Each structure stands twice: as C-alpha cells, then as structure tokens.
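The report below is meant to be read alongside the sequence and the coordinates. Its sections move from charges and surface to overall form, and then to one pair of neighbouring elements.

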Amino acid sequence: AAPRREPKTRGATLPYEVDAMAVGDFDGVGGPQVVLASENTIRLYAYPVTDAKPLAEAVVPGTGLRIVGLDAGRLDGDRSRDSLFVSVYDAAFQRFETRVYKVMTGTWLKTADLPYLTRAYETPDGRRVLATQQIIDDSTFPLGAIYPLVYKDARYSQGRPAIRPRRVDWLYGFTTARLGGADASIFVTPVHALRVQLGRKWWRTPDEDYGQTPVRVRWKGRLLEFNPPLAPADGPSGLESLYAVRNIPALGGLASPFGLFNRAVLTRQSWNGLALTTDWTADLSGCALGLAVVEPKPGAREIAVAVRGAAGQSAVWTFDP
C-alpha cells in the first residue's frame with residue numbers, strides 16, 4: 001500500500017460549506033492568499049488560513065445565483081495583484097457566466113462580466129492557462145469549444161486557436177502533462193476514473209471515485225460536475241506527477257447521484273512509463289472542494305486542500321509535497 005501522509009496544518013474552522021477555492025496574490029502583499037466561495041459569497045484570507053475572520057468579503061449579486069468555480073489570473077496588465085474569476089450558475093436566467101473581481105483598498109470590486117465559464121489548467125511545459133467554455137442553450141450539443149482567455153483592447157475575450165486535448169469536452173476535470181517525453185491529457189471520465197491520453201493510446205485507473213463533487217448542475221439533460229482541480233507537479237522531464245482527490249460517496253456509493261460525500265482522499269500520482277502509480281495518500285475528514293499547489297516562499301511548495309466537513313463547516317488543510 002502507498003504511504004500515508006499526515007497534514008502539515010489543518011487550518012481554522014470556518015462556519016460555512018466551502019464550494020470552491022483559489023490561491024493567488026489578490027491584494028498585492030507579495031505572497032499567496034486564499035479565496036473561498038460558499039453559495040454566492042467570496043471571502044479572502046491570509047495563507048495559511050489560521051484565522052476564521054476574512055480580510056475581505058462580498059456577495060455576488062443575482063437571484064438564485066450559485067458559485068461553481070474560482071480561479072486567479074493576471075491577464076489585464078496589472079502586475080501587482082491577481083484578479084479573481086468567479087464562475088457562476090445564474091438560476092434565474094439559466095445561464096453560466098464568469099464575474100471578474102479585484103481587491104481595491106480592502107474591498108472586492110467587480111471589473112468584468114464574461115458570458116462563459118473559466119478554469120485554469122497547466123500546459124505540458126508548465127505554463128498556467130486560463131481556459132473558457134460557453135454553455136449553449138442546445139440540448140444536443142450544450143458544450144461549446146474550449147478556448148484560452150485573453151485580454152486585448154481593455155477587454156476579455158475568447159482567444160484562438162481552440163484548446164483541443166484529445167477526448168476532452170468538459171472544462172472542469174482535465175489538465176495536460178508531458179509523460180515520458182510525450183504530451184498527454186489527463187482527465188476525469190464520466191464514471192470518475194482518471195484517464196491518461198497519449199495520442200491515440202490511453203490508460204485509465206482501475207478504480208473510480210476520482211474527482212466527484214456536490215457542486216453540480218443538471219443542464220439540458222446533462223449533469224455538469226464541477227470537479228476539484230487536478231494539480232500537476234514537476235518531474236524530471238516535465239509535469240510527470242499530479243495531485244488528485246477522490247471524494248468518496250456516503251452510503252457506499254448509493255449517495256453519489258445526490259452529491260453526498262462524507263470523506264475524501266488526497267493522492268499524489270506519478271507516471272512510471274506504463275501507468276500512474278500512487279506515491280502517497282492522505283485521508284481527509286470531509287469532501288475536498290479545492291486543490292492547489294502553493295509557493296509560500298520562493299522555492300518552497302505546499303499542497304492546499306479546501307475540505308468541507310459533514311457538519312456544515314470547512315477548513316483549508318496543507319500538506320508537504
């Protein structure tokens with residue numbers, strides 16, 4: 001069995017159910033900070049999250065609005081701080097959008113509205129790219145193509161060409177890597193296994209339960225699951241390892257269709273030339289809703305996981321890589 005890893009820190013107990021997490025420098029302090037979302041609210045914390053009182057807090061306005069994803073990025077030319085990209089489902093209009101926010105003088109200010117979802121992924125050479133996908137009012141083909149997000153002429157837009165990882169059609173639940181010198185896409189399958197796609201050849205984990213999330217929307221007959229990120233890690237020849245979570249359904253799997261999860265496992269997986277092998281695992285006392293590789297100081301790495309407990313409370317745990 002793979003070695004078990006204990007958390008480095010367990011973080012402060014937060015009195016709400018977390019739905020998403022982003023890590024970045026949002027107010028220009030020169031180090032990482034954490035943003036957590038619950039329902040329609042975003043909250044900024046120092047990293048690590050040892051104080052339950054947020055540094056800044058805002059409600060994203062909208063009737064029946066629900067936050068489904070968070071990401072950090074610097075595309076607007078402001079090198080002093082990250083923008084926060086808040087992907088939402090607006091139930092009143094039955095549409096998916098992204099609201100862009102920045103922290104200015106300790107307050108969240110909205111700077112843009114985007115008519116599509118956003119999500120970051122890593123390229124095989126280690127660049128972080130914010131990608132976009134428009135959800136179309138079409139029951140046959142509801143998912144638009146995946147494009148990079150660009151900022152030009154003082155506005156955000158979908159760039160070209162399209163991002164086309166082989167066999168990937170959903171923005172939430174994939175990344176790319178360089179495995180054995182070859183570019184590969186890694187993604188969560190519809191049955192919640194991890195699949196490695198190397199050109200036309202592929203491999204998948206023999207077990208399931210990877211990804212999975214209570215953050216989900218049924219749209220035009222299709223269940224859209226906003227899986228926690230897959231976080232690649234450096235290896236000798238590129239991004240040859242990754243961190244992934246397994247959210248375990250309550251009641252032995254019977255609760256999976258209802259989005260009920262009461263425990264999770266954080267795993268580090270590495271490519272050995274033939275398959276992904278598990279380097280280590282860590283038990284989480286709840287459902288994992290966010291995952292990020294953090295640089296607390298230059299040259300150092302930690303893994304941050306947003307954990308939602310069974311009693312309606314949450315915390316951000318950290319782990320050594």
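## Charge and surface

In this predicted model, the chain carries 38 positive and 33 negative charges, and the mean positions of these two sets lie 4 Å apart. The accessible surface of the chain amounts to about 14,500 Å², and carbon and sulfur atoms contribute 49% of that area.

## Overall form

The secondary structure of the chain consists of 25 strands, with 0 helices assigned. The radius of gyration is 18 Å, which is close to the 20 Å given by the globule rule for 321 residues, and the chain is therefore as compact as a globular protein of that length. Taken along the principal axes, the box filled by the C-alpha atoms has dimensions of roughly 50 × 45 × 40 Å.

## Burial and contacts

Of the 321 residues in the chain, 55% are buried. When contacts with a separation of 6 or more are considered, 47% of them join residues that are 24 or more positions apart in the chain.

## Strands β1 and β2

Strand β1, which spans residues 20-24, is mostly covered, since 4 of its 5 residues count as buried; here, buried means a relative accessible area under 20%. The partner of β1 is strand β2, formed by residues 33-38, and the two run in the antiparallel sense, paired over 5 bridges. One of the positions involved is Ala20, whose bridge partner in β2 is Ala37.

Conventions. Residues are numbered from 1 along each chain as its sequence is written. This is a predicted model: local features need pLDDT of at least 70, side-chain atom pairs count only at pLDDT 80 or more; totals for chains, interfaces and linings use all residues. Side-chain values use heavy atoms; hydrogens and water are left out. The radius of gyration is taken over C-alpha atoms; the globule rule is 2.2 Å times the number of residues to the power 0.38. Buried means under 20% relative accessible area, exposed over 50%, partly exposed in between (1.4 Å probe, protein chains only). Contact means heavy atoms within 4.5 Å. Accessible areas come from the Shrake-Rupley method with a 1.4 Å probe; for residues, only the protein chains shown count as cover. Lys and Arg count as positive and Asp and Glu as negative; His and the chain ends are not counted. The place of a charge is taken as NZ of Lys, CZ of Arg, CG of Asp or CD of Glu. Two strands pair if DSSP finds at least two bridges between them.
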